Amino acid sequence: MPKNKIIGVIQLGNKSEVLETLIAFKGYTQTYPDIHKTIILKHASNVLENLIREEFEEIIYLPELDKNSLEKNLEYLKAKILKISFSVLINLSYTKSSAYLCTIIEAKFKLGFKYSKNNYLNIEDIWSKYVYSVIMGKNLNPFSIVDIYKSVIGNKRATAKFPPAELKKIIFNIPYNKFEELITPISNQFPHLEIFIIGEPYLGLTNLKFKYVNSFEIFLKLNFEDALYIGNYSEYSLICSYKESFCINLYSSNLDPFLYMPYGIGNLSCLENINLNSLLKMINLRKNETALKTQAGNGYLIYSDRSNGDPYEIKEIFLQFYKYSFIICFEDIEETIRIPSVNEKTLNELDGYRNATDNLRELTLFGKKYSVLIIEELSKESPQIEKIKEYGQRIDEIDSLSNRLKKTYPLLGPAIDYFFHSKAMVQGDNLLEITQNVFFIYEEYSTFLEIILELINNMKSRFTIIEKGN
Amino acid sequence: MKDLIVSIEQALIKIKEKLSKKQELDKEDFLYLYMASALEEDAKK
């Protein structure tokens, strides 16, 4: 990278989102030592200022917007924001206000959400388009938000060290109703470890060894070396992840477990109603570096105790498919795929999805065909507008058929939504250029679906079919 | 203070008119749009 580049990062989110950004930037300075980094934040983030300064050379705090001092804020914004400029500006917030900010601030290149001069949402980079179409579209998603940030900013993934074989402390951040079930037996299993509990002292748990941490500021001062965090996804787990502690994330079933995953090789996630024995197994998994290396992939793992032979569900299979397909399409990197055990029900569902994916692929071929017809018509001396309109309507019908397919086969949502939005946001100075770009998108779409089909066909021949499960 | 609120509202009306005439927005327009959207997002929290 050329020297003296200045990059700006917009992060208007809460403490958790700021921490996710910091984790994403870990190692960036070592890789790009000559780049000056500025972060634009809301003032509420200043409790993390010391940590932020570990990754960023400059911080710009935006004024708190208040109806009683709008004039002052407007003058500040005009004086400060309209005068700054960057080589590259990266918007890591996915909101309207951050998109407007990204539009206002001067930069040679911009990544993330921004607006065009006609006030249309404009997203050019693939990973931000992925966030808009797949994650905000509430589709199946195999990536953590930190992975996505790292991909947007161009920082290598999974640089965290492996969890320590010898732990020195455990930090619990769990609901009170799990205290007695988990904390006391785990503490008895590891009597030499310090135990920290986030929250107020719990009367049912009287042990002088337990140290309660009742504020975020106090928590920030802990020593996180050789620590294990057990609890939900929060600014506490993110601090532990940033400090490279071993994390076991307990998530609730209605949250996306991949998006909100404690980042780092060997970190694990499981449902919050996990029992003691399974949790103890997970804690001991950290000693098995080989198992972690083969399973961790990009740096995370959803723990499922399949030693009892439970088969994969169709959703879990598609999560792997999408991880593989999006990464190979976006970054030309081949991920590992696990060949799972399945039962007859899943096999039948997979057959249905194979046919639906094939139908979708046929639709993309029609999309290419009609794009070519429009391009050919536009290239004539006297193009016929009626013909162009007709071909355009055929392309609209393809979108409508794809949406109907999505209703019956919702796991195709990530592919359908990503490419639909890519097409909707296509750029071009004139209709010919726009249509050429639409053609390229259909080409990419068709290749993407061929990858999924190949994965389905390859896996089917190698599945272990078992009777257990439903 | 009431004048300030009206000023943002007036700015948004002007922006809407510009867009309906297919005119491009400038930085000052986007500044008002930023403030309006930020206030809306804060109010939803």
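In this predicted model, the side chain of A:S325 reaches the backbone oxygen of A:F321 at 2.7 Å. A:S325 belongs to helix α13 of chain A, which spans residues 314-331. Because its relative accessibility is 0%, A:S325 counts as buried. Leaving aside residues up to four places away in sequence, A:S325 touches A:F448, A:I451, A:I452 and A:L455. The surroundings of A:S325 thus include the backbone oxygen of A:F321, reached by the serine side chain, and four residues with numbers from A:F448 to A:L455.

Charged pairs come next. Over all chains, the structure holds 24 salt bridges. One of them joins A:K114 and A:E124, whose closest N and O atoms are 3.2 Å apart. This pair links distant parts of the chain: A:K114 sits in strand β6 (residues 114-115) of chain A, while A:E124 sits 10 residues away in the loop between β7 (121-122) and α6 (126-135) of chain A. The two partners fall into separate accessibility classes. A:K114 has a relative accessibility of 8%, so this lysine counts as buried, the cut-off being under 20%. A:E124 has a relative accessible area of 46% and is therefore partly exposed.

A second bridge is formed by the side chains of A:K211 and A:E194, at 2.5 Å from N to O. Here too the pair links distant parts of the chain, with A:K211 in strand β10 (residues 210-213) of chain A and A:E194 in strand β9 (residues 194-198) of chain A, 17 residues apart. A:K211 counts as partly exposed at 35% relative accessibility, and A:E194 counts as partly exposed at 31%.

A bridge within a helix is found between the side chains of A:E397 and A:R394, at 3.2 Å from N to O. Both residues lie in helix α15 (residues 385-408) of chain A; they are three residues apart, about one turn of the helix. A:E397 has a relative accessible area of 42%, which makes this glutamate partly exposed. A:R394 is also partly exposed, with a value of 26%. Elsewhere in chain A, salt bridges that share partners join A:D358, A:R361 and A:E450 into one network.

The remaining topic is the interface between the two chains. The size of an interface is often given as the accessible area lost when the parts come together. Between chain A and chain B, the buried area is about 2,400 Å², and carbon and sulfur atoms give 70% of this area. In terms of residues, 25 from chain A are in contact with 22 from chain B.

Polar and charged pairs also cross this interface. Three salt bridges are counted between chain A and chain B. One of these is between B:D42 and A:K42, with the closest N and O atoms 3.4 Å apart. The count of residue pairs in polar contact between the two chains is six, with both residues at pLDDT 80 or more.

On the side of chain A that touches chain B, α4 (70-80) and α5 (96-104) of chain A each supply at least two residues. The largest share comes from α5(A), which gives six residues. Sorted by class, this side of chain A has 11 nonpolar, seven polar and seven charged residues.

Definitions and conventions
Residues numbered from 1 in each chain as written. Chains lettered and ligands numbered in written order. Heavy atoms only, no water. Contact = heavy atoms within 4.5 Å. Buried area = accessible area lost by both parts, 1.4 Å probe. Salt bridge = Lys/Arg side-chain N within 4 Å of Asp/Glu carboxyl O. Polar contact = N/O pair within 3.5 Å; in protein donor to acceptor, adjacent residues only side chain to side chain. Helix = DSSP H or I, 4+ residues; strand = E, 2+ residues; numbered from the N terminus. Nonpolar A, V, L, I, M, F, W, Y, C, P; charged D, E, K, R; others polar. Buried < 20%, exposed > 50% of the residue type's maximum accessible area, 1.4 Å probe, protein only.
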